[in-house]
Amino acid sequence: KEILVDKLEVKKVVMGSNSTFGKNSKGDIETMKKLAQKYDFEVIEVELLKENGKIISSTNIRNERKRSFV
């Protein structure tokens, strides 16, 4: 609330269905939808992108970059 609502005055949040946030990544898309109802903003859930059957995510991209440097 402090960051999204109070500081950024968010109107919409776009998230992938597998996105997490917050301490220990305990928040997920359903948590965000509940917060959106409570604080009056919109959540847009986007489908996951896949290439060759593998989900394209920031985590997977970082892992691939690490492997390419080894």
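**Exercise 1. A bridge between two strands**

Is K12 buried or exposed? Once you have decided, find its charged partner and say what the pair ties together.

*Solution.* A word before we start: the model you are looking at is predicted.

Step 1. Begin with accessibility. K12 has a relative accessible area of 52%. The cut-off for exposed is over 50%, so K12 counts as exposed.

Step 2. Now look for the partner. The side chain of K12 meets that of E42 in a salt bridge, with 3.9 Å from N to O. The cut-off for such a pair is within 4 Å.

Step 3. Place both ends. K12 belongs to strand β1 (residues 12-16) and E42 to strand β4 (residues 42-46), so this pair ties together parts that are 30 residues apart in sequence.

Step 4. Check the other end of the bridge. E42 is partly exposed, at 37% relative accessibility.

**Exercise 2. Further salt bridges**

How many salt bridges does a search of the whole structure find? Describe the one between E30 and K33, then the one between K54 and E64.

*Solution.* Step 1. The search of the whole structure gives five salt bridges.

Step 2. Take E30 and K33. Their closest N and O atoms are 3.7 Å apart. Both residues sit in helix α2 (residues 29-39), three residues apart, which is about one turn of the helix.

Step 3. Add the accessibility of this pair. E30 is partly exposed, with a relative accessible area of 43%, and K33 is partly exposed too, at 29%.

Step 4. Turn to K54 and E64, where the closest N and O atoms are 3.1 Å apart. K54 is in strand β6 (residues 54-55) and E64 is in helix α3 (residues 58-69), so the bridge ties together parts that are 10 residues apart in sequence. K54 is partly exposed at 39% relative accessibility, and E64 is partly exposed at 38%.

Step 5. Finally, look for shared partners. E30, K33 and E45 are joined into one network by salt bridges that share partners.

**Exercise 3. The nonpolar core**

Which residues make up the largest nonpolar core, and which element gives the most to it?

*Solution.* Step 1. List the members. The largest nonpolar core has eight residues: V10, V13, M15, I29, M32, A36, F41 and V43.

Step 2. Sort them by element. Two or more residues come from each of β1 and α2. The element that gives the most is α2, with three residues.

Step 3. Zoom in on F41, a member of this core. Leaving out residues up to four places away in sequence, F41 touches V5, V10, K11, V13, M32, L35 and A36.

**Exercise 4. Three loop residues**

In which loops do S57, S25 and N52 lie, and what does the side chain of S57 reach?

*Solution.* Step 1. Start with S57, found in the loop between β6 and α3. Its relative accessible area is 19%. Since buried means under 20%, S57 is buried. The side chain of S57 reaches the backbone nitrogen of N60 at 3.1 Å.

Step 2. Go to S25, in the loop between β2 (20-21) and β3 (27-28). S25 is not a glycine, yet its phi is positive, about 55 degrees. At 41% relative accessibility, S25 is partly exposed.

Step 3. Finish with N52, in the loop between β5 (50-51) and β6. N52 is also a residue other than glycine with a positive phi, near 55 degrees. With a relative accessible area of 79%, N52 is exposed.

**Exercise 5. On the surface and along the chain**

Which residues form a nonpolar patch on the surface? And how many residues lie between K7 and S19 in sequence terms, that is, how far apart are they?

*Solution.* Step 1. The patch is formed by L49, I56 and I61, which together have about 290 Å² of accessible area.

Step 2. Look at one of its members. L49 lies in the loop between β4 and β5 and is exposed, with a relative accessible area of 59%.

Step 3. Now find K7 in helix α1 (residues 2-7). K7 is exposed, at 67% relative accessibility.

Step 4. Compare chain and space. K7 and S19 are 12 residues apart in sequence, and their C-alpha atoms are 21 Å apart in space.

Technical notes:
Residues are numbered from 1 along each chain as its sequence is written. This is a predicted model: local features need pLDDT of at least 70, side-chain atom pairs count only at pLDDT 80 or more; totals for chains, interfaces and linings use all residues. Side-chain values use heavy atoms; hydrogens and water are left out. Helices (H or I, at least four residues) and strands (E, at least two) are DSSP runs, numbered from the N terminus. Buried means under 20% relative accessible area, exposed over 50%, partly exposed in between (1.4 Å probe, protein chains only). A nonpolar core is a set of buried Ala, Val, Leu, Ile, Met, Phe, Trp, Tyr and Cys residues joined through side-chain atoms within 4.5 Å. Contact means heavy atoms within 4.5 Å. A polar contact is a pair of N or O atoms within 3.5 Å; within protein, one must be able to donate a hydrogen and the other to accept it, and residues adjacent in sequence count only if both atoms are side-chain atoms. Patches are made of residues with over 30% relative accessible area and no salt bridge: like charges are joined within 9 Å, nonpolar side chains (Val, Leu, Ile, Met, Phe, Trp, Tyr) within 5 Å. Accessible areas come from the Shrake-Rupley method with a 1.4 Å probe; for residues, only the protein chains shown count as cover.
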